[in-house]
Amino acid sequence: MEQSKRKRGRKRKKPVAETMDLQKPNTGASSASASASALGEAEVPEERPSPQRGRGRPRKVQRQDTSKEVVAEKGSSSPLRRESQVVASNGDSSDLLTHNLAMVAMEPPAPRWDQVVKVVPSRDAVVKVFCVHTEPNFSLPWQRKRQYSSSSSGFIISGRRVLTNAHSVEHYTQVKLKKRGSDTKYVATVLAIGTECDIAMLTVSDDEFWEGVSPVEFGSLPALQDAVTVVGYPIGGDTISVTSGVVSRIEILSYVHGTTELLGLQIDAAINSGNSGGPAFNDKGKCVGIAFQSLKHDDVENIGYVIPTPVILHFINDYEKSGEYTGFPILGIEWQKMENPDLRKAIGMSPNQKGVRVRRVEPTAPESDFLKPSDIILSFDGVDIANDGTVPFRHGERIGFSYLVSQKYTGENAVVKVLREKRVYEFNIKLATHKRLVPAHIRGKPPSYYIIAGFVFTTISVPYLRSEYGKDYEYDAPVKLLDKHLHAMAQSHDEQLVVVSQVLVADINIGYEDIVNNQVLSFNGQPVKNLKTLASMVENCDEEFLQFDLEYQQIVVLKTETAKAATKDILLTHCIPSAMSDDLKT
């Protein structure tokens, strides 16, 4: 017969005899036998070494005289239990009780719970985070969405601070924390939110919150197959939850919330909604990461991701240095692998040279003053880069060289060695954060907008695309917007992608009702650099007509005097408080 297929995972444990928690009523045994069973039922001995016990019920100590084991429950179907019953029925029940009492008195005491706890991570520092969110309405930028509540996890660190995930407190209105075993929620203050690394730092002003709690200590980066324990408050209960697993992979991961790539740990412990922000402990009770996301797919099981200590400590040190979160710097380039031998020969690389080719350089990045397209980056801060873009990490491991960049702080310098036209150059470059043409976040600020004659102008960002086209915006958004989102580079620090998001229908804009999310290229012949520039040009326009040139060769023409007069009525009709957002008024 064909063997049934087993699921992946640990091998099924060999069944062993154990006492049952459920005690059934005794019908045939004497009261003395029942008392003996209550005092301690002996386990059936096995001819095998005793493995180490994990968490669970303390091991019962075997009696040396196994010929007088007592089983209180009659009628058991187990052959082993029937044999024990025969022994019990051949002796006097009172003698058995006396014997068992003597055996219990002679047994060594079981290990105390406070001794066992010393090797278990301190869970009292893990707190439950309650947050009330009020998200901006990017489709109607003059108002906000209905508030909603969420719960997640966090943990106390030194300096009267608490760490959790950035997405746990994004667009927060109020944040409260509750300690384990407490019935009080304490109002928290958000100190810093790191969107790229998905970490937030909180504090509580009430001294009572910090009483009797020891802060969590951080451990080093774990190795593959090291045991980890994730602690938090996942959905499905109000008490603390503990799940265990091992580190199955260490690599550069895509951080979904920050749309960035940083070092991450992949583990096989269950991470569910509500686990976000909870610590992951090693077997010594030290924190080695923060749970932040999991992989949901039909073909995978139990794949969770943890923010490792190098990223956490970078966030903490960044805050302590500057008093705020400044972000993770980038190199400001797009690069190409140099694995093809013909490509290396054509570029002029010698057989012993390795590196990656620069495809494009961000115009707003400091690297644009030093690096050029087709430069070969040979090393970063003295670490040689391979043709596939990796660098040595640990014994037997390699990792993307962006890890070296992410270990630096904004404003720090790095030595970059490049090959240009068969000559080697070294540049000392000051690192900075990334300026995206389509930003991944608006960092808690309300979206900008400007309205004239019913035309709603706003800027494109990832949250805006997600609001307009849903979580699958990368498939449903217009191709030109996606192309700019994925490939376009900002030419200046203040450049924005301005679009007509919608047209509030009125008599003055007849024929323009179908214009939705079209980019504005110029106004009255002047290029549109950002939304503030557009609003200023329209408000100060003294020409007869307002002409907006849109993509796909569309134009919108309105009479200036009529458009400005009609705007007031349109705002009143749609209950819009102002024709422009506050950031455009200054």
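A salt bridge here is a side-chain nitrogen of Lys or Arg within 4 Å of a carboxyl oxygen of Asp or Glu. Asp494 and Lys529 fit that description, with their side chains meeting at 3.4 Å, N to O. This pair ties together distant parts of the chain, 35 residues apart. Asp494 sits in the loop between helix H10 (479-487) and strand S23 (498-503), while Lys529 sits in the loop between strand S25 (526-527) and helix H11 (531-539). Both ends are partly exposed, Asp494 because its relative accessibility is 38% and Lys529 because its own is 39%. The model is a predicted one, and everything below should be read with that in mind.

Searching the whole structure turns up 14 salt bridges. Among them is the one between Glu412 and Lys321, whose side chains come together at 3.8 Å, N to O. This is another link between distant parts of the chain, with 91 residues separating the partners. Glu412 belongs to the loop between helix H7 (402-406) and strand S19 (413-420), and Lys321 to helix H5 (residues 309-322). The two partners fall into separate exposure classes: Glu412 has a relative accessible area of 28%, so it counts as partly exposed, whereas Lys321, at 57%, counts as exposed. Glu397 and Arg394 make a further salt bridge, at 3.7 Å, N to O. Arg394 is partly exposed, because its relative accessibility comes to 26%. Elsewhere, salt bridges join Glu334, Arg359 and Arg360 into a network.

Next comes the hairpin. Strand S26 (residues 545-550) runs antiparallel to S27, and five bridges hold the two in register as a pair. Four residues lie between the strands. One of the bridges pairs Gln547 with Val557 in S27. In the turn, Tyr552 has a positive phi of about 60°. Gln553, in the loop between S26 and S27, also has a positive phi, near 60°, although it is not a glycine. Gln553 is exposed, since its relative accessible area is 76%.

Strand S27 (residues 555-559) has two faces, with side chains that alternate between them. Val556 and Leu558 point to one face and are buried. Ile555, Val557 and Lys559 point to the other and are not buried. Val557 counts as partly exposed because its relative accessibility is 31%. Together with Phe545 and Ile555, Val557 makes up a nonpolar patch on the surface, and the three share about 240 Å² of accessible area.

Helix H12 (residues 560-573) comes next. Its 14 residues span 20 Å from the first C-alpha to the last, close to the 20 Å expected at 1.5 Å a residue. Thr560, Ala563, Ala566, Thr567, Ile570 and Leu571 are the buried residues of H12. Their cover includes both hairpin strands, S26 and S27, along with strand S21 (449-452). After H12 comes Cys575, with a positive phi near 55°.

A similar backbone feature appears in another part of the chain. Arg160 has a positive phi near 55°, again in a residue that is not glycine. Arg160 lies in the loop between strand S2 (148-157) and strand S3 (161-164). With a relative accessible area of 37%, Arg160 is therefore partly exposed.

Conventions. Residues are numbered from 1 along each chain as its sequence is written. This is a predicted model: local features need pLDDT of at least 70, side-chain atom pairs count only at pLDDT 80 or more; totals for chains, interfaces and linings use all residues. Side-chain values use heavy atoms; hydrogens and water are left out. Buried means under 20% relative accessible area, exposed over 50%, partly exposed in between (1.4 Å probe, protein chains only). Two strands pair if DSSP finds at least two bridges between them. Patches are made of residues with over 30% relative accessible area and no salt bridge: like charges are joined within 9 Å, nonpolar side chains (Val, Leu, Ile, Met, Phe, Trp, Tyr) within 5 Å. Accessible areas come from the Shrake-Rupley method with a 1.4 Å probe; for residues, only the protein chains shown count as cover. The expected span of a helix is 1.5 Å times one less than its number of residues. Contact means heavy atoms within 4.5 Å.
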